[in-house]
Amino acid sequence: MRIKTEKRCGCRDENGRKYPRGTCPKLDQRKHGTWNYRFRVPKGLVALVGKTELSSSGYATKKAAEEAAEEAMATVRTGQQHIGALTVGAYLWDWHSRKNALRPTTRSRYEQFIRLHLDPFLGEIPLSGLRAEHIDAALKRAVIAAQERPGRPVGPATARDVLEMLRAALNDAKRQRMIPFNPADGVDLPSHQAPEVEPWEAAEVGRFLDEAAGDRLSAAYELIALHGLRRGEVCGATWAGLDEAAGVLTIRQQITRSGAALGVWPPKTKSGRRKVDLAAVTVGSLGAHRLRQDDERAAIGDGWDNGVLPDEHGAPVQLRELIFTHPSGRHLAPEYLTRQMQRIARRVGLLGTVRVSATTGATTLTLGTCYRPAEGTWTLYRDREPIGEVTVSGATRQGARSLLHLAGPLPVALAVGDEIGEQLLSPKRLHDLRHGSASIMLGGGIDITTVSKILGHSSTSMTGNTYAHLLRSTGQQAAEMIAAAIPRAVRRGHPAGTSSGETGGAVTTNGV
């Protein structure tokens, strides 16, 4: 890197035009103008620095400009203190290709981390010259770059996941003695607390399952909502794994997605390979589902085929005896279950969706399909938030639409897409049904170890970290239980009494 210095000023000639660079006649004077520097950034560090050239101005002397340039160059050179020519980008892609034990979803996510967030900003830096400040700067630039392109922005949780993946990759490099230390260990990200899981309440889960009862996949939603299965585990469940007499379903495989491709893999962890005890109602639902599937198989005949998917090693696996399939017999993709679940959930409590905007005071309202008898009093919703109430006296069918006759004037203006119904469910993911199962079990007093085993978590600490906020009521119950279990002659009440009307002061007992 060669430093170039130059003296400049902002003087103008007699015509008011600015002198071309370096032509002002006063530049020879010692105190006239200021000095600037510039130098080209090495190609290997352009991605990190973000510029092909660095420059600065405003220095009183040439020496001061040169000293400032040397400091700037020293910062850039930290990325060039290397032994070999292996770059961070080349190492990360090679590391990714050698991680043979990664699950498909993890492999796809790591590939995305490298391609979008690391390679563009660290890729050309020599591996042995990588420092914590480079990683910190790259992650900040990745956040900004994500905001400028379409798609989901990079939040604190994603930045932390990217850093954890990079730390793991660099730990491997350290173990192979490619680098003397792990520079990712010196990166300090802003503190971030994951949002608490807020699944549906038990009554809301019940309303969803009631709405789903007529769907051909209703038993699949019961397995998730009542027994906490993952959607991939449901898609991979087989009749061979079901013991109806014992009420047990053995989880041996799951169908999951890696990028654009589906695969059939063993459960996520060793604890994921488990036997799930089923409620009698779920066994009954699975029995009814088996009869329906038998009819579908008979209609297809010899063409019934669950399909072929690759396993974790890429070898083809012929799928057999899947409990849940398309009517054609083909396996289900996990996202198909999600789309069906959200379609059903949206319909819970829904009368219909507004298809023609209506002004305040209108006495009729045009909806699309009406899912329930229209007469009665209903709540008006916008983005699933209540905005008013109307009473419908009757309805007239108009092709695929329904014209509602209101008993009184419309209290608020409605736009296309607004909804009318009663106790509509808040939007949730299919995975939130699994969270809801855990919430209901913990709220019912089932110990966390049992819940963790049912869910197939790798450890109880994972369960506790995910559902810590759901354990508060359990903690209060434990506190009251231990206080009641210890015999005491004197129990001291709160001086101001309690909410149940007890008076304050000491209460003497007979040692019971």
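Visitor: Why are Glu296 and Arg216 called buried?

Guide: A residue is buried when its relative accessible area is under 20%, exposed when that area is over 50%, and partly exposed in between (1.4 Å probe, protein chains only). Both Glu296 and Arg216 fall in the buried class. The model is predicted, so local features need pLDDT of at least 70 and side-chain atom pairs need pLDDT 80 or more, whereas totals for chains, interfaces and linings use all residues. Residues are numbered from 1 along each chain as its sequence is written, and side-chain values use heavy atoms, with hydrogens and water left out.

Visitor: What makes the contact between the side chains of Glu296 and Arg216 a salt bridge?

Guide: The term requires a side-chain nitrogen of Lys or Arg within 4 Å of a carboxyl oxygen of Asp or Glu. The N to O distance between Arg216 and Glu296 is 2.9 Å, which satisfies that limit. The pair ties together parts that are 80 residues apart in sequence, because Glu296 lies in helix H10 (residues 280–300) and Arg216 in the loop between helix H7 (202–212) and helix H8 (218–227). Helices (H or I, at least four residues) and strands (E, at least two) are DSSP runs, numbered from the N terminus.

Visitor: How do you know that the side chains of Asp418 and Arg382 meet in a salt bridge?

Guide: Their N to O distance is 2.7 Å, so the criterion is met here as well. This pair links distant parts of the chain, 36 residues apart: Asp418 sits in the loop between strand S15 (401–406) and strand S16 (419–421), and Arg382 in strand S13 (residues 376–382). The two partners fall into separate classes of accessibility: Asp418, at 5%, counts as buried, while Arg382, at 32%, is partly exposed.

Visitor: Which residues are linked in a network of salt bridges?

Guide: The network is made up of Glu6, Arg8, Arg21 and Arg38. One of its contacts joins the side chains of Glu6 and Arg8 at 3.5 Å, N to O, and this value again satisfies the limit. Arg8 has a relative accessible area of 30% and is therefore partly exposed. In the whole structure, the search finds 24 salt bridges.

Visitor: How many disulfides does the search find, and what is the nearest cysteine sulfur to that of Cys11?

Guide: The search of the whole structure finds 0 disulfides. For Cys11, the nearest cysteine sulfur belongs to Cys9 and is 3.7 Å away. A disulfide needs a pair of cysteine sulfur atoms within 2.5 Å, so the Cys11 and Cys9 pair does not qualify. Another cysteine, Cys370, is partly exposed at 26% relative accessibility.

Visitor: What makes Glu66, Glu67, Glu70 and Glu71 a patch of negative charge?

Guide: Patch members have over 30% relative accessible area and no salt bridge; like charges are joined within 9 Å, and nonpolar side chains (Val, Leu, Ile, Met, Phe, Trp, Tyr) within 5 Å. Asp and Glu count as negative and Lys and Arg as positive, with His and the chain ends not counted. These four glutamates gather on the surface in such a patch. Glu71, in helix H2 (residues 62–77), has a relative accessible area of 58% and is exposed.

Visitor: What is the phi of Glu321, and how exposed is this residue?

Guide: Glu321 has a positive phi of about 60° although it is not a glycine. Glu321 lies in the loop between strand S10 (316–318) and helix H11 (334–347) and is partly exposed at 46%. Gln423, also not a glycine, has a positive phi of about 55° and lies in the loop between S16 and helix H12 (431–443).

Visitor: Why does Val88 count as buried, and how far is Val88 from Phe121 in space?

Guide: Val88, in helix H3 (residues 88–98), has a relative accessible area of 1%, so the buried class applies. The C-alpha atoms of Val88 and Phe121 are 9.8 Å apart, with their positions 33 residues apart in sequence.

Visitor: What makes Ala219 and Arg230 buried?

Guide: Ala219, in helix H8, is at 2% relative accessibility and is therefore buried. Its C-alpha is 8.8 Å from that of Val283, 64 residues apart in sequence. Arg230, in the loop between H8 and helix H9 (231–236), has 13% and is buried. Arg230 and Gly456 are 226 residues apart in sequence and 9.2 Å apart in space, C-alpha to C-alpha.

Note on methods
Accessible areas come from the Shrake-Rupley method with a 1.4 Å probe; for residues, only the protein chains shown count as cover. The place of a charge is taken as NZ of Lys, CZ of Arg, CG of Asp or CD of Glu.
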